[in-house]
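Here is a quick walk through one model, from its overall make-up down to single side chains. Have a look at the fold before reading on.

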Amino acid sequence: FFFFFFFSKREDNRREGYMVAYSDYYSILGVPRNASNEQIRAAYRKLVFQYHPDKNQGLASSQKFQEVMNAYKVLVDPKSREAYDHHGPEFQNRVEVVSLGEMLSTLGYVFVGLFSTPLNTMATFMRSHKRTSNYNFGLVETFKLIKKTGGFWGFYAGAMIGVAGKVGRSLAESYVEREGLSRIDKMIVFSLFYPIELISTLRRTHMAQHFWETGRHIVRVHGLPGLWTGALYSSVETVFSALSERVWGMVVESRFKHKIRDYMVEEQTAKAAALTVASSIGNAIALSLILCPLQTMVVRFQCLALNPSQEGNDMIDIFQKLWREEGVTALWAGLLPQIGYLSLSNSAKNLNRMFVGGPNEE
């Protein structure tokens, strides 16, 4: 966070003639700030037809035509529109420090990852273990158990595997977008990386020790399909999470977003950063409360990959066992570390996007 804050202040201080008053691209096209791409294109076609130089020879019409062209060029592209929403028209002046920004962004993510990864490990550990008379999902006892099982590095179990899976999935997403594959082809491409995600989760539960040994054990017990244990339910969780994020963004974050951009335009960086962090924490709390029961059941189902007996082989059985044997609160196991993990990672992502102009994904 200090990297992001310091960098943005240095960059803002280098700007010259940064005026609060500016032509609003949304007003030029006559569309609301939450307008879809279809609305933007429709407004653009109408205004271009109205002010085209072939129909209007005056200087005012020519200037208006150029304004419409500039506004459309920025707003129709998701990346430039996002940068404009956060920084105003001056977002294009930030290109000169992209290399430094990327370096600081990477350092910031590493810094945040050192603290957020142990929280993610604790959340996964708590979801995967049953409540007993000796274990009641406490933060302190979870910390002690992980340290006893794997030492200091036990809090980073599966981290490198998870990073490799995310990098591979990111490359796959770029390939899918570039090639324009069908939905079925997309599902096939993305499913190739699920075994990595599964083993990473099992490593965080401390029920498995090594990547290759875990993979061989799963194949030996359940065959090759065992590497996709819980893939369907994990996809459902991903879709539900994306929908929840979208609803939160439409209902809550959109209100913060414009206020943050106004603070950035007025060079009130500290207020913008504080509001960004507050929004990220609120997002983490809301999503964790909604998604935690589903995530708990998915982790319990994924752990069946290590279980030869296949006891409790569907989500209904897992839900009933959690409800009857461990109590309804077991569905929210790992809630507090999950909130901490999402608060740190979302704050880092949003501060990076606001100050450095990075992408909208982790």
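## A threonine to start with

Is Thr 201 buried or exposed? Thr 201 is buried, at a relative accessible area of 5% (buried means under 20% relative accessible area, exposed over 50%, partly exposed in between, with a 1.4 Å probe and protein chains only). Thr 201 sits in helix H10; helices (H or I, at least four residues) and strands (E, at least two) are DSSP runs, numbered from the N terminus. Leaving aside residues up to four places away in sequence, Thr 201 touches Thr 124, Val 299 and Gln 302, where a contact means heavy atoms within 4.5 Å.

## Ground rules

Before going further: this is a predicted model, with local features needing pLDDT of at least 70 and side-chain atom pairs counting only at pLDDT 80 or more, while totals for chains, interfaces and linings use all residues. Residues are numbered from 1 along each chain as its sequence is written, and side-chain values use heavy atoms, with hydrogens and water left out.

## The chain as a whole

The chain holds 15 helices and zero strands. Of its 362 residues, 44% count as buried. Take the contacts between residues at least 6 apart in sequence: 73% of them join residues at least 24 apart.

On the outside, the accessible surface comes to about 20100 Å², and carbon and sulfur atoms own 61% of that. Accessible areas come from the Shrake-Rupley method with a 1.4 Å probe; for residues, only the protein chains shown count as cover.

## Helices H10 and H7

Back to H10, which spans residues 194–204 and is mostly covered, with nine of its eleven residues buried. Among them are Tyr 194, Pro 195, Leu 198 and Ile 199, and also the two arginines Arg 203 and Arg 204. Just after H10, His 206 takes a positive phi of about 65°.

H7 (residues 139–150) has twelve residues and reaches 16 Å from first C-alpha to last, close to the 16 Å expected at 1.5 Å a residue (the expected span is 1.5 Å times one less than the number of residues). After H7 comes Gly 151, with a positive phi near 70°.

## Two salt bridges

How many salt bridges does the count come to? There are two, a salt bridge being a side-chain nitrogen of Lys or Arg within 4 Å of a carboxyl oxygen of Asp or Glu. One pairs Asp 24 with Arg 33, at 3.1 Å from N to O. Asp 24 is buried at 16% relative accessible area, whereas Arg 33 is partly exposed at 27%.

In the other, Arg 300 meets Glu 326 at 3.0 Å, N to O. Arg 300 lies in helix H13 (residues 269–302) and Glu 326 in helix H14 (residues 315–326), so this pair ties together parts that are 26 residues apart in sequence. Both Arg 300 and Glu 326 are buried.

## A nonpolar patch

H13 and H14 turn up again at the surface, each supplying at least two residues of a nonpolar patch. The patch consists of Phe 240, Ile 281, Ile 285, Leu 289, Ile 290, Phe 319, Trp 323, Val 328 and Trp 332, with about 780 Å² of accessible area together. Patches are made of residues with over 30% relative accessible area and no salt bridge: like charges are joined within 9 Å, and nonpolar side chains (Val, Leu, Ile, Met, Phe, Trp, Tyr) within 5 Å.

H13 gives the largest share, four residues. From H14 comes Phe 319, partly exposed at a relative accessible area of 33%.
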